[in-house]
Structures are given as C-alpha cells and as structure tokens.
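Hi,

Here is the structure I said I would pass on to you. Have a look at it first, and then read my notes underneath.

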Amino acid sequence: MKARKSKKRAPSFRKLLKTSKVKLDNKLKNKQYKQQSTAKKYRKEQKKLREAVKDVVSKKPFPLEDKKQVYRAQRTEEEEEEEALPLDMMDEDDLQLLKDLGQMPSFLTRDLSSSEPVHVKKRKQESIIDKYEKVPRRLQTEPEKEVIHLLPIKDKCGIIPQTREKPVVSINTKEEEEQEEMEFEEVTEDPMPKLTTEEYIIQRQRKLQEKKIHIAALASAILSDPESNIKKLKELRAMLMEQDPDVAVIVRKLVMISLMELFKDITPSYKIRPLTETEKASKVRKETQKLREFEEGLVSQYKFYLENLEQIIKDWKQRKLKKSNVVSLKAYKGLAQVAVKSLCELLVALPHFNFHNNIIVLIVPLMNDKSKLISEMCCEAVQKLFKQDKLGHASLGVIKVISGFVKSQNYVVRPELLKSFLYLRIKEIEVKKDTEDINAPKKFMSYKEKRKSLSRMQRKWKKAEEKLERELREAEASESTEKKLKLHTETLNMVFVTYFRILKKAQRSPLLPAVLEGLAKFAHLINVEFFDDLLVVLHTLIESGELSYRECLHCVHTAFHILSGQGDVLNIDPMKFYTHLYKTLFKLHAGATNEDVEIVLQCLDVMLTKRRKQVSQQRALAFIKRLCTLALHVLPDSSIGILATNRVLMHTFPKTDLLLDNESQGSGIFLPELDEPEYCNAQNTALWELHALRRHYHPVVQRFASHLIAGAPSEGSEALRPDLSRRSAIELFETYSMKTMTFNPPVLSANPSKKGKIFHVDSYLNEDLSQLIRTHCNETTIQLPLDFTRYLKTSVR
C-alpha cells in the first residue's frame with residue numbers, strides 16, 4: 001500500500017492576501033495578550049522576590065544567643081543522662097519505641113547533626129504549633145514584670161519563643177500625661193482668639209495677596225511654556241474649590257477669569273481629535289509625543305473647567321448650599337455671573353475648538369433668564385458670534401439650539417432671542433455668488449487638447465503651471481463657497497421655520513414684532529412661491545385687530561420688503577396695505593407713539609420711493625397732504641423726518657407741485673376724513689400747513705418748511721444746506737432726536753433783552769390815570785364784616 005499524499009498545500013501568496021483583516025487583527029491581538037501576560041507574571045515574581053528580600057532586611061530579630069546556648073546545654077545534659085541510664089530502668093513502652101526506630105532505615109541513615117527529621121509530616125508540625133499555642137502568655141512566677149509575647153522563630157532546633165519586657169511607667173509620668181490630655185481638651189474647648197475689625201481686614205488682605213501672587217505665578221508659568229507646564233493648569237483649576245471662607249469668593253472669581261484668559265491664549269487654532277488605536281501604538285518622535293501629551297492635557301482640563309462653570313450656574317439656579325458652607329447663597333449669584341461671563345467669552349473666542357456645542361447648549365437657555373444682566377450678557381455674546389462668523393458653522397449650531405428651545409418653551413420667551421437673528425451674516429452669499437460669476441475659475445486644458453496644440457516641452461511647462469495655479473487657488477480660498485452656501489441655506493431654513501411656526505401658532509405672542517422684523521430683513525431670500533401665502537397671513541393679522549400699532553407697522557413694512565425684492569416679478573397691487581397706513585397715520589402724536597415715527601418713515605420709503613413706478617399720482621398727493629398735516633402735531637425731530645420725506649416725494653413725483661398752488665385741479669372737493677388715498681381728491685387742496693410750520697419754534701423745521709414752499713429747489717437762496725440735503729429722513733430723525741429732552745440746536749428766546757434801554761410802564765399812561773392808580777395803591781384797606789342782608793332785602797323788594 002502506498003502512503004497517501006497529504007492534499008493540504010501551503011497557502012499561496014494570493015490566498016494570504018485574501019485573508020480577512022479581522023483575522024489578522026485577532027492574531028496580532030492574541031500575540032500581544034500573550035506577551036502582556038508573560039510580562040505580567042514575570043513582574044509579579046520579581047515583586048514577590050523584592051518583598052521577601054525587603055522583609056528579611058527590615059526584620060531585626062531580638063538577640064537570642066543566650067537562650068540558644070541554654071537550650072543546647074540542657075539538651076546535651078539530657079542526652080548524657082539517657083546514655084548513663086541502664087536499660088533496666090527504662091519503661092517497656094520506651095524500650096519498644098527505641099527498637100522500632102532502630103529497625104527503620106531512616107533512623108540509621110539519618111544525619112544526627114540536624115534535629116529535624118527527613119520526612120516531616122504535617123500532623124507533627126500542627127502538634128508542635130498546638131503545643132505552643134497552649135502555653136500561657138504570662139508567667140505567674142514574675143508578676144511584677146510584664147512581658148510582651150512576640151511572634152516565635154522556627155529554626156533547625158525547633159520553635160523558639162520570643163518575649164520582651166514591657167517598660168515600666170512610673171505613676172508620675174502617667175499623671176503628667178493625664179494632665180496634658182486635660183489641658184489639650186481645655187484648649188480645644190476654648191474659642192479662637194477674637195480679632196478686631198482692623199486686624200481681620202489686614203489678615204484678609206494678606207491672605208488675598210498671597211493667593212493673587214500664587215495665581216499669577218501659575219498663569220505666567222503656563223503662558224511662558226504651555227507644553228511643559230500644562231500640568232499646572234490642574235493646580236490652578238483646583239483653586240476653584242477654595243475653602244478659606246475669608247477669601248473663597250474672590251479667589252474663585254479670579255481663578256475663573258484667569259483660566260478663561262489662559263485658554264483663549266494657549267488654545268490652538270484647530271480642533272483636537274482623539275488619537276486612534278493605531279496612532280497610539282505607533283512610535284513617534286519625542287517632539288510629536290510631547291505635543292500629543294500637551295493636547296490631551298489641554299482638552300481634559302478644558303472639559304473639567306467647563307464642567308465646573310456649569311456646576312456653579314446649576315448651584316445658583318437650584319439655590320443649593322454646599323456642606324462646607326464656605327460660600328453664602330448671596331455670593332452664589334456673583335459667582336454665577338462671572339461663570340456666565342467666562343462662558344460667553346469662550347463662546348465668541350473659541351468657536352473652532354472642542355466642546356463649543358456644549359457651551360451653546362449652556363448659553364441659549366440663559367438668554368431667556370429672569371436676571372436681566374445675565375440675559376443681556378448672553379444675547380450680546382450670541383450677536384457677536386453671528387457678526388464675526390464668516391463661514392456660518394457656529395451660527396448654524398446656535399440657530400438650531402435657539403429654534404428647539406423656543407419650541408420647547410411653547411413660544412413664551414424673551415423677544416431678544418429672536419432679535420439676535422437680525423445679526424446673521426446671510427447677505428454675504430449673494431456677494432460671493434456675484435464675484436464668482438464675474439471672476440469665473442479658469443478651466444484647464446484636457447490631455448487631448450494639449451496633445452493637439454502643444455509640443456512635448458510646452459505640455460511639460462503647462463502641467464507645472466496648472467499645478468502651481470491649483471496650489472495658489474487652495475491657499476487663497478479659506479473655505480469653499482459651496483460649503484458656505486450649504487451652511488447659510490440650512491441656517492435660513494431653520495430661521496424661517498421658527499418664524500412661520502410663530503406666525504401660525506402664536507400670533508398673540510410678544511415675539512411677533514421680532515418675527516416681522518426678521519422677515520423684513522431676509523425677505524429677499526424667501527422663495528417666491530411663499531409670497532402670496534405670506535401676504536395673506538400679514539393682511540389677516542392686521543385685520544384681526546389684536547395687534548398693537550407698532551406690530552401693524554411691522555406687518556406693513558414686511559409686506560413691502562417682500563414685494564421690493566424678488567416680488568418685483570409678481571403683478572400684485574398691495575392696495576390694502578397702502579390704505580391701512582394712510583388710515584392710521586394720525587395715530588402718531590408727540591407722546592409715546594413718537595418712537596414709531598422711524599418705522600413709518602421706513603415704510604414710506606419702501607412703499608412710495610422704491611416702488612415709484614407702481615404708485616399713482618393721486619396716491620402720492622394724498623400721502624404728501626396727510627404727512628404735512630401730521631407734521632403739525634408731533635415733536636420737532638418727527639416733523640423734520642416727515643418734511644424730509646415730503647421733499648423726496650416731491651422730487652420723485654414732480655407733478656405734485658400743484659399742491660403749492662391755490663387753484664383746484666379737476667372736479668370734486670378734498671375729503672380729508674376719507675380713508676382711501678385714491679379717492680380723497682387730494683389734487684383740489686393746498687399745503688397750507690407749510691405756512692404754519694414756517695413760524696415753528698425749531699429753526700430746522702422752519703428751514704424745511706420754507707424750502708418746500710419754494711418748491712424744494714436744489715439751488716438758490718431757498719436750497720438746503722448740504723448737511724440737511726444729503727441725509728435721509730431716518731438719519732435726520734435720529735440726529736435731532738428729543739430723547740434727552742433738549743433742543744438740538746438750542747432754541748433762542750423770542751424777545752431778547754437789549755442792554756442800555758429801560759422801558760418804564762408809567763411813560764405809556766395818562767397823568768390823571770397814573771394819579772388815580774397811586775392814590776388807590778397808597779390807601780390802607782380796612783377789613784369790614786361782609787353784610788349781604790341789605791342787598792338781599794333790596795332784591796326781595
């Protein structure tokens with residue numbers, strides 16, 4: 001029979017390549033585990049050896065030479081006596097035992113020099129230990145000496161007991177110790193020596209100065225060499241738990257601010273990611289390893305610092321008092337304010353670094369806090385972040401959290417949360433898009449085009465040139481435009497979702513003005529498909545009568561912003577909004593609604609000036625007439641803004657100069673009470689209000705009235721100064737604002753006093769009249785009782 005050949009072949013290289021990566025990783029892990037286990041066993045053995053050697057060296061046994069000698073001498077004497085004794089005097093049992101031992105081979109071959117038998121049995125050892133345990137610890141023969149029994153020593157001779165005499169303490173020393181204990185108890189019971197107020201303040205200042213110096217030393221060491229001194233961050237962070245009640249609050253505040261400034265300075269301009277297993281296992285240079293340790297320590301300390309700040313804010317919110325009672329409940333508010341300030345600074349300064357989303361989650365609920373100071377602080381930080389965020393990644397994170405928070409609170413939040421949306425830099429999309437369209441990127445030639453038109457050397461040069469252009473383009477562009485466009489689109493979607501939710505579900509909410517302002521700003525970015533629905537919603541809001549006057553103005557402003565952008569394409573005549581504004585203009589007055597004049601001026605600019613092609617002459621005449629009437633009963637700053645708007649309208653619609661003439665144009669009579677601007681026959685009236693405004697006490701109002709009476713000329717004596725003509729109506733309204741309750745410029749008195757001329761009243765009177773006045777003034781009045789009865793009697797008769 002022939003032996004069969006084994007069919008199993010060695011695996012080929014191709015087969016080895018097909019081996020799964022998981023299998024190879026498992027093999028490698030098993031190999032590493034084996035190596036680790038063997039190394040672990042070796043370390044354990046080495047540790048045991050070291051401990052044994054250490055124990056032997058450290059143990060210094062009590063000198064027992066005398067006892068050993070006595071023990072050996074006693075033993076030799078007993079052996080001699082046994083040898084001297086004849087066999088007749090031995091007991092039968094002992095004789096039988098000796099015979100049995102003599103027959104055993106071990107007894108003959110035994111080394112007599114050692115007392116320990118060759119085959120030691122466990123039972124024999126236990127009997128020896130039991131015998132030792134039965135021995136009494138104290139000897140009754142020496143009652144006056146107390147003996148301390150130590151652990152015994154076992155050697156070749158057997159178990160040797162160890163004892164030591166207890167030192168005798170005299171009665172006097174015992175009494176002294178008792179007295180010292182009593183004194184110590186008395187000292188502890190006594191209170192601390194009371195300090196005067198001045199001494200307490202000096203001591204507190206000294207402690208505070210020491211803590212400040214310590215904080216400054218740690219911070220300067222970290223700043224000088226962050227990579228080497230990163231461990232000192234932990235030491236500085238530990239001072240956040242300062243326990244000295246005298247300086248605890250101030251020290252904690254100083255440490256919070258110092259750590260915040262340190263992290264702003266030493267944090268790199270990139271996000272630190274955790275290392276993978278392969279990166280940890282691979283060998284690297286010392287510099288790389290040092291950098292990795294620095295990054296790992298920085299991230300961990302930054303995380304712990306943020307957790308500490310969060311805990312401080314939570315303790316203040318929940319009104320919790322720590323067990324140590326180092327910080328009072330009143331001081332928690334100050335600590336929480338500093339913690340919120342630090343979080344706001346980190347939110348703005350480190351939007352690229354780790355845990356930025358965690359900071360956003362902490363800051364957004366605080367924007368709606370009851371404390372006005374904390375709410376304003378957080379809102380300002382978010383607005384700063386929106387202003388400086390060029391890419392839009394951080395802004396998107398904040399918008400998502402705000403949108404979710406507003407929804408979770410059922411739209412009962414502060415309007416400042418939604419007003420912060422107005423600071424988003426979304427308009428940059430259009431600018432970037434236009435520049436890209438103008439400066440389109442250069443297209444590179446294909447290989448076939450190069451092959452046809454260029455020689456070999458030219459192709460080589462062309463390749464190098466294209467490579468250089470690509471590198472330059474990558475260096476110029478910090479972030480791709482596509483990424484920006486995507487982020488901005490997503491951000492706007494979240495903003496509009498929040499706005500539309502409030503318009504649909506919370507129309508009576510105080511958030512509505514902020515929503516309408518936001519829609520007015522971003523209306524040019526809304527899709528045209530939603531315009532009809534939005535206009536319907538805005539009109540129903542106005543007609544509902546549940547909105548305030550300011551909110552109605554915001555609705556009008558939003559509607560015309562929508563129509564002035566992409567809405568130009570749509571053929572819509574928003575006559576209802578024109579009618580509403582014309583009807584409600586007289587609600588403005590010199591009181592509280594004077595602040596709403598600014599929104600009215602913005603609406604007029606969007607409705608009439610920017611939509612000049614869609615506005616009829618009748619509508620323009622009606623608005624000019626009503627605005628002149630309104631200018632009579634508002635404050636001077638509002639009058640200036642309204643007259644400046646009329647000036648622009650007269651330039652925009654030149655045929656409106658017929659209002660400066662007394663002659664009527666066409667049929668009909670002017671109906672000032674009619675609320676329809678198209679049908680009030682404004683062409684049959686005149687601007688007589690300008691003559692009243694010409695005698696106004698404010699000089700700028702007088703100047704504008706005279707200018708409009710002359711037909712608003714751009715040249716000549718009645719033309720305006722450049723500082724008045726070049727400014728818009730809103731700018732003039734803000735410049736001459738009456739918020740400070742002072743005139744700008746100051747108004748001169750109507751009758752200035754002239755020096756050197758004194759007018760006497762007597763010079764205008766007749767001599768006889770003046771004489772009569774003097775006599776009446778010099779007469780002394782005599783008080784007589786009033787008697788009405790005589791007049792009553794005469795009247796009765």
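Let's start with a small puzzle: which residue just after α23 takes a positive phi? Gly-545 does, with a phi of about 80 degrees. Keep in mind that this is a predicted model, so everything below is computed from predicted atoms.

Now for α23 itself. This helix runs over residues 531-544, so to speak, 14 residues in total. From its first C-alpha to its last it reaches 20 Å, close to the 20 Å expected at 1.5 Å a residue. Which of its residues are buried? They are Phe-531, Leu-534, Leu-535, Leu-538, His-539, Leu-541 and Ile-542. If you look down the axis of α23, these buried residues fall within an arc of 155 degrees, so they line one face of the helix. Turned away from that buried side is a face with the exposed residues Asp-533, Val-536 and Glu-543. And what covers the buried residues? The cover includes α21 (481-505), α22 (512-521), α24 (549-564) and α25 (575-584).

One of those covering helices, α25, is where you'll find His-580. Is His-580 buried or exposed? Its relative accessible area is 11%, and under 20% counts as buried, so His-580 is buried. Leaving out residues up to four places away in sequence, His-580 touches Ile-542, Cys-552 and Val-556. Ile-542 is one of the buried residues of α23 that I listed above.

Next, the cysteines. How many disulfides does the structure hold? Zero. Take Cys-555: the nearest cysteine sulfur belongs to Cys-552 and is 6.2 Å away, whereas a disulfide needs the two sulfurs within 2.5 Å, so Cys-555 is in no disulfide. Cys-555 is also buried, at 0% relative accessibility. Cys-680 is buried too, with a relative accessible area of 0%.

Last, the core. In soluble globular proteins, nonpolar side chains tend to be buried together. Here the largest nonpolar core has 159 residues, and those with the most contacts inside it are Leu-233, Met-256, Leu-298, Tyr-305, Leu-346 and Phe-704. Helix α13 (residues 329-349) gives the most to this core, with twelve residues. If you want one residue to click on, try Leu-233: apart from its neighbours within four places in sequence, Leu-233 is in contact with Ile-222, Leu-259, Leu-262, Phe-263, Ile-266, Leu-298 and Gln-301.

Have fun looking around!

Methods. Residues are numbered from 1 along each chain as its sequence is written. This is a predicted model: local features need pLDDT of at least 70, side-chain atom pairs count only at pLDDT 80 or more; totals for chains, interfaces and linings use all residues. Side-chain values use heavy atoms; hydrogens and water are left out. A nonpolar core is a set of buried Ala, Val, Leu, Ile, Met, Phe, Trp, Tyr and Cys residues joined through side-chain atoms within 4.5 Å. Buried means under 20% relative accessible area, exposed over 50%, partly exposed in between (1.4 Å probe, protein chains only). Helices (H or I, at least four residues) and strands (E, at least two) are DSSP runs, numbered from the N terminus. Contact means heavy atoms within 4.5 Å. The expected span of a helix is 1.5 Å times one less than its number of residues. The arc is that of the directions from the helix axis to the C-beta atoms.
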